[in-house]
Structures are given as structure tokens and as C-alpha cells.
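Good morning, and thank you for coming. I would like to take you through one structure this morning, going from the whole chain to a few chosen residues.

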Amino acid sequence: VQLQASGGGLVQAGGSLRLSCAASGRTFSINVIGWYRQAPGKQRELVAVTRGGRTQYGDSVKGRFTISRDNAKNTVYLQMNSLKPEDTAVYSCYALLSSGATSWGQGTQVTVSS
């Protein structure tokens, strides 16, 4: 499975961005798909993932970010609202496959200015 992320950029605090992650290859083998992020000097953290209609969010983004999935397009989206400077990070698309293997897309930079 290959993952292609897009949609990052520079936004002011309080603004919004939408990230997209397009999956290709053996997409039927995807069990979980979503987003992690990593800020400079910090550990990678969960942003949001989805599996079979269920979603899980990191505590720091609950109520502000929404993950959705379009199965027809093999694409998952991350709508990010009320962005804060602490949301600045490289956001990476992630998939857990039925085999137990994981797939990571290239990161996309999100920068939130104060």
C-alpha cells in the first residue's frame, strides 16, 4: 500500500486546513488508516485514525479535528479547525494492514503562526 499525503501549509492561528491521504495498491488490506504528527524535538503522536467507521483522536485535537474516509476514492481526510501554534508539525499518513505491516506516507508540513 502506498500513501500520498497533501494539503499542508501555513495558516494563522484559528484558521483551518484539510489534509488528504490517497491510498493505492492493495487498499483492501487496510485495517486502520489515519494521521500521526511529529513536532521538532517531540515524539510522534497520534492525531486521528479510523477503522470500520470508528474513529480515535489524540487528546490534544479532540473537538477541533475530524477524520473522514471516502472508500470510493481510497482517500482519508483530516479537517483541522481552530488551529493553534502547537499544532505545528509534520503530519504523516499511516495505515495498518491486515498482515500486521504498517505503511507510512511522506509527511506534509503544517505550520500555524500566532
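Of the 114 residues of this chain, 42% count as buried. Please keep in mind throughout that we are looking at a predicted model. As for surface, the chain exposes about 6,100 Å², and carbon and sulfur atoms supply 45% of that area.

Let me turn to the secondary structure. The chain contains 11 strands and zero helices, so its radius of gyration should be considered with that in view: the value is 13 Å, close to the 13 Å that the globule rule gives for 114 residues, and the chain is therefore as compact as a globular protein of that length. Along the principal axes, the C-alpha trace spans about 40 × 25 × 25 Å.

How are the contacts distributed along the sequence? Taking contacts between residues at least 6 apart in sequence, 52% join residues at least 24 apart. On charge, there are 12 positive and 5 negative side chains, and the centres of these two sets lie 8 Å apart.

I now come to the aromatic residues. A search of the whole structure finds three aromatic pairs. One of them joins tyrosine 36 and tyrosine 94 in an edge-to-face arrangement, with 5.2 Å from centre to centre and 75° between the planes. This pair links distant parts of the chain, since tyrosine 36 belongs to strand β4, residues 30-38, and tyrosine 94 to strand β9, residues 89-97. The two tyrosines are 58 residues apart.

Is tyrosine 94 buried or exposed? Its relative accessible area is 12%, and tyrosine 94 is therefore buried. Tyrosine 94 also pairs with tryptophan 104, and this second arrangement is tilted, at 4.9 Å centre to centre and 50° between the planes. Here too the pair links distant parts of the chain, from tyrosine 94 in strand β9 to tryptophan 104 in strand β10, residues 102-104, with the two positions 10 residues apart in numbering. Tryptophan 104 itself is partly exposed, with a relative accessible area of 34%. Taken together, Tyr36, Tyr94 and Trp104 form one aromatic cluster.

Next, I would ask you to find tyrosine 77, in strand β8, which covers residues 75-80. Why does tyrosine 77 count as buried? Its relative accessibility is 14%, and buried means under 20%. Which residues does tyrosine 77 touch, once its neighbours within four places in sequence are left aside? The contacts are Arg18, Leu19, Ser20, Trp35, Thr66, Ile67, Ser68 and Asp70. Cysteine 21 offers a further view of the fold around this position: its C-alpha atom is separated from that of tyrosine 77 by 6.3 Å, although the two residues are 56 apart along the chain.

Finally, let us consider glycine 9, which lies in strand β2, residues 9-12. Glycine 9 is partly exposed, with a relative accessible area of 24%. Leaving aside neighbours within four places in sequence, glycine 9 is in contact with Leu17, Gln109, Val110 and Thr111. For arginine 69, 60 residues away along the chain, the C-alpha separation from glycine 9 is 21 Å.

To close, I would return to two points: the chain is built with 11 strands and zero helices, and Tyr36, Tyr94 and Trp104 form one aromatic cluster. Thank you for your attention.

Terms used. Residues numbered from 1 in each chain as written. Predicted model: local features only at pLDDT ≥ 70, side-chain atom pairs only at ≥ 80, totals over all residues. Heavy atoms only, no water. Helix = DSSP H or I, 4+ residues; strand = E, 2+ residues; numbered from the N terminus. Rg over C-alpha atoms; globule rule 2.2 N^0.38 Å. Buried < 20%, exposed > 50% of the residue type's maximum accessible area, 1.4 Å probe, protein only. Contact = heavy atoms within 4.5 Å. Areas by Shrake-Rupley, 256 points an atom, 1.4 Å probe, with all protein chains shown as cover. Lys, Arg positive; Asp, Glu negative; His and termini not counted. Charge placed at Lys NZ, Arg CZ, Asp CG, Glu CD. Phe/Tyr/Trp six-rings, centres within 6.5 Å; stacked < 30°, edge-to-face > 60°.
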